[in-house]
Amino acid sequence: MKKATYISLNGNNFYGTIPLTIAKLTNLDTLRLDNNSLTGMIPTSIFAIEKPFLRYLQLSRNKFTGTIPTNLMSSTPVLNSFTANMNKLHGTIPTEFAEATELTSLELDTNQLTGLIHWCVVKLHTVLFICIL
């Protein structure tokens with residue numbers, strides 16, 4: 001499984017937390033866990049090992065709580081799309097999103113995010129679509 005590049009488990013009504021063993025999948029290009037009933041925090045440990053190929057991370061339409069991991073952007077240097085809308089995330093958008101040189105889509109709407117939108121998120125030159133209402 002370490003060589004897996006595409007995992008799509010969306011729309012299966014899975015519940016529980018994200019398995020920490022996903023951290024070992026360093027060759028992932030796409031991880032789709034959207035439209036399930038996953039709970040708990042988005043584990044920072046799954047980003048502890050760099051994911052140099054991860055371009056698409058889709059976690060929307062679950063029941064995630066907690067904050068957006070601050071190490072997300074630094075460990076996924078080629079991330080194109082991050083969707084975590086329609087969860088129960090709170091806190092602010094990490095300033096580390098300024099490191100997202102490849103990000104083209106960011107969807108964080110329908111959460112419980114607070115605070116100001118940091119200027120670095122607005123300054124991202126590569127973003128084509130952003131939804132954080």
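**Exercise 1. Place Asn-13 in the chain and decide whether Asn-13 is buried or exposed.**

Step 1. Asn-13 sits in the loop between β1 (6-8) and β2. Keep in mind that the model you are working with is a predicted one.

Step 2. Look at the backbone next. Phi of Asn-13 is near 60°, a positive value in a residue other than glycine.

Step 3. Now turn to accessibility. The relative accessible area of Asn-13 is 55%. The cut-off for exposed is over 50%, so Asn-13 is exposed.

**Exercise 2. Find the loop that holds both Asn-85 and Met-86, and assign each residue a burial class.**

Step 1. Asn-85 is in the loop between β7 and β8 (88-91). Met-86 has its place in the loop between β7 and β8 as well.

Step 2. For Asn-85, relative accessibility is 7%. Buried means under 20%, and therefore Asn-85 counts as buried.

Step 3. For Met-86, relative accessibility is 31%, so Met-86 counts as partly exposed.

Step 4. Check the backbone of Met-86 too. Phi of Met-86 is near 60°, which is a positive value in a residue other than glycine.

Step 5. Finish with the surroundings of Asn-85. Not counting residues up to four places away in sequence, Asn-85 touches Ser-60 and Arg-61, along with Glu-107, Leu-108, Asp-109, Thr-110 and Asn-111.

**Exercise 3. Describe the surroundings of Asn-80, from its position in the chain to its side-chain contact with Glu-102.**

Step 1. Start with the position: Asn-80 belongs to the loop between α1 (72-75) and β7 (81-83).

Step 2. The relative accessibility of Asn-80 is 14%. With buried set at under 20%, Asn-80 therefore counts as buried.

Step 3. List the contacts, leaving aside neighbours within four places in sequence. Asn-80 is in contact with Arg-55, Tyr-56, Glu-102, Leu-103, Thr-104 and Ser-105.

Step 4. Pick out Glu-102 from that list. Asn-80 and Glu-102 are 22 residues apart along the chain, and their C-alpha atoms are separated by 5.4 Å.

Step 5. Go down to the atoms. The side chain of Asn-80 reaches the backbone oxygen of Glu-102 at 3.0 Å.

**Exercise 4. Work out the strand order of the open sheet of five strands, and give examples of its bridge partners.**

Step 1. Take stock of the secondary structure. The chain has two helices and 11 strands. Along the sequence, the pattern reads β-β-β-β-β-β-α-β-β-β-β-α-β.

Step 2. Write down the order of the sheet, which is β2-β4-β6-β8-β10, with parallel pairing.

Step 3. Identify the edges. β2 (15-16) and β10 (112-113) are the edge strands, each pairing on one side only.

Step 4. Trace the pairing of β2 with β4. These two strands pair in the parallel sense over two bridges, and Gly-16 stands opposite Leu-38 in β4.

Step 5. Carry on to β4 (residues 37-41) and β6 (residues 63-66). Their parallel pairing runs over three bridges. Thr-39 has Lys-63 in β6 as its bridge partner, while Gly-40 stands opposite Phe-64 in β6.

**Exercise 5. Characterise the largest cavity and its lining.**

Step 1. Count first: there is one cavity of 30 Å³ or more.

Step 2. Then take the volume. About 40 Å³ of space lies in the largest cavity.

Step 3. Name the lining residues: Ile-22, Leu-28, Leu-31, Ile-46, Phe-47, Lys-51 and Leu-54.

Step 4. Sort the lining by type. It divides into six nonpolar residues, no polar ones and one charged.

**Exercise 6. Show which residues Thr-5 contacts, and how far Thr-5 is from Leu-28 in sequence and in space.**

Step 1. Thr-5 lies in the segment before β1.

Step 2. With a relative accessible area of 43%, Thr-5 is partly exposed.

Step 3. Set aside neighbours within four places in sequence, and Thr-5 is in contact with Asn-27, Leu-28, Asp-29 and Thr-30.

Step 4. Compare the two separations for one of these partners. Thr-5 and Leu-28 are 23 residues apart in sequence and 3.9 Å apart in space, C-alpha to C-alpha. Leu-28 is also one of the residues lining the largest cavity.

**Exercise 7. State what share of the chain is buried, and what share of its contacts joins residues 24 or more positions apart.**

Step 1. The chain has 133 residues, of which 44% count as buried.

Step 2. Consider the contacts with a separation of 6 or more. Residues 24 or more positions apart account for 62% of them.

How values were computed: Residues numbered from 1 in each chain as written. Predicted model: local features only at pLDDT ≥ 70, side-chain atom pairs only at ≥ 80, totals over all residues. Heavy atoms only, no water. Pairing = 2+ DSSP bridges. Helix = DSSP H or I, 4+ residues; strand = E, 2+ residues; numbered from the N terminus. 1 Å grid on protein atoms, 1.4 Å probe; cavity = no way out; pocket = protein on both sides within 12 Å on 5 of 7 lines; lining within 4 Å. Points joined across faces, edges and corners; volume = space filled by probe spheres on them. Nonpolar A, V, L, I, M, F, W, Y, C, P; charged D, E, K, R; others polar. Buried < 20%, exposed > 50% of the residue type's maximum accessible area, 1.4 Å probe, protein only. Contact = heavy atoms within 4.5 Å. Polar contact = N/O pair within 3.5 Å; in protein donor to acceptor, adjacent residues only side chain to side chain.
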